[in-house]
Amino acid sequence: MGVHPWVETLSAVHEQRRWVLPVGLAVVALVIVANAGSSVGLGTSGNALIVTLSTAVYAAAALVFLLWFDAPLPITVALLLVMAAAAAASRHGDPTGTGGIGLYLGVAYAPLRLPRRTAFAVAVVSVVFFDVELALEAANPAVFITVVTGGAALFFLFGLLLRSEQEQRARADRLVFELEQSREAEKASAALAERTRISREMHDVLAHTLSALVMQLEALSIRAERVADPLAGGLSRAHKLARDGLGEARQAVAAARGDTVPGPDALPELVAQHAATTATCVTLDVRGQPVDLPPESSLAVYRTVQEALTNARKHAAGAPVHVQLDWRPDGAVVEVRDHGGHGGHGAGELHETGGGHGLTGLAERAALLGGHLHAGPADDGFRVRLEVPA
């Protein structure tokens, strides 16, 4: 399971901003204050000018280095070398000053920003700058070089230890991230397995019980029609309802499995079928940019239009029907309005149609999805409106 590189990068940056940056800024401030208060001090001539210029260059390079966390490698190397050269120049202007402190800051922080080999090379070059100045001007160069080089080695080792600690934190963060992803995947897998099991059991029931019922009703309907039995019409309608219910139940099982189910994409075909079957004018208007809907929401949109068209055929036969689908960034709104002029299908109540997916059931489904369904009389007919979230 892969992890984005930014997980470790953000962790390292946060760690540096938490304490490495404040410490570095404090050291830079210490260098400035110490040089200003030294025996030579800051000034505009002689050694004081050298100290002033070297301190200013060092402070500028150090601030850029400390604040620019993601600077390219060549720039980071150049900034560290400038800091080392400025520290050596400060030591040249004031042998009793704090040039060594400035050197140690760059040596300690190099491993935190650079690859280990590059950091080691930069540290060596920085120390060489300072040691050359000591060899040329120190009263006892061997002692000073040994002390400065040993101190630089200790600070470089300290930087390596800090780097290792940061890398361990980053690895721990990565492991936590991977563990959370693994747990989410396990939950999703368990939910899918349970839905598959339930769907399989429902399918078995449908395949045996309802399928047998449909066949029995069909046989009885055919026999009743042959003998002109008055119950033939009722049996035919019962057969149709059972067959339609079987098809809808199979689609519900498919939705539970996560299979493709009819949704907004199937509305043009549904509208065309209704227009052809009823010989009425049915228009479809789609607005906005489509968004991805969960399978349950997609099926709810389809079922709502299907139910509204069925109600229009029953209660407003021959009346024109308009279907409008509005896509929104956070979901979809579908509205079906017939113009039957009948003042509502039964005083504005939600109606059942016998197919098992009446408006009441659809309203309950919409509420479970976090949406809302409203059905009632309109100006010259009846309106059904569904809102579902994405």
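A strand, in the sense used here, is a DSSP run of E with at least two residues, and strands are numbered from the N terminus. With that in hand, meet E335, a residue that sits in strand β3. Keep in mind that you're looking at a predicted model.

**The sheet around E335**

Let's zoom out to the sheet. This open sheet has five strands with mixed pairing, and reading across gives the order β1-β2-β3-β5-β4. β1 (282-287) and β4 (372-377) are at the edges; each has a single partner strand, so one side of each has no neighbour in the sheet. From one strand to the next, the twist averages 10 degrees.

Strand β3 covers residues 331-338 and strand β5 covers residues 382-389; the two pair in the antiparallel sense over eight bridges. Look across from E335 into β5 and you'll find its bridge partner, R385.

Two helices pack on this sheet, and here's how they line up:

| Helix | Strands touched | Angle between directions |
|---|---|---|
| α8 (residues 267-278) | β1 and β2 (321-328) | about 165 degrees with β1 |
| α10 (residues 359-368) | β4 and β5 | about 150 degrees with β4 |

**A closer look at E335**

Is E335 buried or exposed? Its relative accessible area is 16%. Buried means under 20%, so E335 counts as buried.

What does the side chain of E335 make polar contacts with? One partner is the side chain of R337, at 3.3 Å. Another is the side chain of R385, also with a polar contact of 3.3 Å. R385 is the bridge partner you've already met.

If you skip the neighbours within four places in sequence, E335 is in contact with H322, V323 and Q324, and also with R383, V384 and R385.

**Two nonpolar cores**

Now for the rest of the model. The largest nonpolar core has 40 residues, and M83, L103 and Y109 have the most contacts inside it. Six helices each supply at least two residues of this core: α1 (6-36), α2 (46-67), α3 (73-93), α4 (99-113), α5 (116-137) and α6 (141-226).

Which residues does L103 touch, not counting those up to four places away in sequence? They are A84, A87, S126, V127, F130 and V148.

Apart from the largest core lies another one, made of 30 residues. Y302, W327, V334 and L359 are among them.

Note on methods
Residues are numbered from 1 along each chain as its sequence is written. This is a predicted model: local features need pLDDT of at least 70, side-chain atom pairs count only at pLDDT 80 or more; totals for chains, interfaces and linings use all residues. Side-chain values use heavy atoms; hydrogens and water are left out. A nonpolar core is a set of buried Ala, Val, Leu, Ile, Met, Phe, Trp, Tyr and Cys residues joined through side-chain atoms within 4.5 Å. Buried means under 20% relative accessible area, exposed over 50%, partly exposed in between (1.4 Å probe, protein chains only). Helices (H or I, at least four residues) and strands (E, at least two) are DSSP runs, numbered from the N terminus. Contact means heavy atoms within 4.5 Å. Two strands pair if DSSP finds at least two bridges between them. Axes are lines fitted to C-alpha atoms, for helices over the stretch in contact, and angles run from 0 to 180 degrees between N-to-C directions. A polar contact is a pair of N or O atoms within 3.5 Å; within protein, one must be able to donate a hydrogen and the other to accept it, and residues adjacent in sequence count only if both atoms are side-chain atoms.
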